[in-house]
Amino acid sequence: MINKKINDAFNQQINEEIFSSYLYLSMATYFDNQGMTGFSHWFRLQAQEEMFHAMKFYHHIVERGGRVLLKAIQKPEINWESTLSVFKASLKHEQHISSCINDLMDLSTKEKDYASRSLLQWFVDEQVEEEASFTEIIDKLNLAGKQGQMLYMIDRELSARQAGINPFDSSQPEAE
Ligand code: OFO
């Protein structure tokens with residue numbers, strides 16, 4: 001059985017993950033509006049992945065006899081100065097999420113909730129990947145500068161990102 005402190009903290013994290021999804025979907029619309037379909041595709045898949053993260057916490061709470069309580073989702077930003085500023089904002093957001101996951105790990109350790117620690121270890125590892133992938137794209141964008149040809153090439157590269165699993169279908173095997 002999950003204890004109330006962890007249950008409440010995980011409900012808050014579900015809100016953080018759904019907000020992440022909403023934020024990345026907003027970024028997708030920013031790129032759609034500029035005809036940058038590769039960037040938009042990449043952010044739509046990122047939004048889907050964040051919903052998958054929310055559902056990992058959801059299933060964990062339900063499986064351990066807790067109660068999922070959904071909260072209001074904050075309105076995301078809708079405009080950015082440039083492609084680079086979108087990715088810088090994303091990296092900053094991921095650093096915030098990493099800090100949330102670390103706090104949850106501290107709480108689970110304090111509460112001796114080893115099942116939650118196991119779930120959170122997956123997120124600790126995931127956050128290393130998330131921050132690395134945004135940093136890698138920022139490095140490429142810094143190299144590209146204002147060269148349209150290079151931006152076009154990055155857009156094409158991002159259009160090749162493969163879709164993950166449906167986050168709402170719990171019958172599917174858990175994917176990374
Ligand atoms: Fe982007 O990792 Fe979840 O929020």
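This passage describes the two largest pockets of a predicted model and the surroundings of one histidine, H60. Because the model is predicted, local features require pLDDT of at least 70 and side-chain atom pairs count only at pLDDT 80 or more, whereas totals for chains, interfaces and linings use all residues. Residues are numbered from 1 along each chain as its sequence is written, and side-chain values use heavy atoms, with hydrogens and water left out.

The largest pocket holds about 230 Å³ of space. A pocket is an open set of points on a 1 Å grid over the protein atoms alone, where a 1.4 Å probe fits, with protein on both sides within 12 Å along at least five of seven lines; lining residues have an atom within 4 Å of a point. Its volume is the space filled by probe spheres set on the points, which are joined across faces, edges and corners. Of the 15 lining residues, W42, E129, E130, S133 and R161 are the closest to the centre of the largest pocket. Helix 4 (114-144) gives the largest share of this lining, seven residues; helices are DSSP runs (H or I, at least four residues) numbered from the N terminus.

The second largest pocket has a volume of about 190 Å³. Among the residues lining the second largest pocket are S82, T83, L141 and K146, and helix 3 (83-110) and helix 4 each supply at least two residues of that lining.

H60 lies in helix 2. This residue is buried (under 20% relative accessible area), with a value of 9%. H60 touches I2, F10, A115, S116 and L119 (heavy atoms within 4.5 Å), not counting residues up to four places away in sequence.

Methods: Buried < 20%, exposed > 50% of the residue type's maximum accessible area, 1.4 Å probe, protein only.
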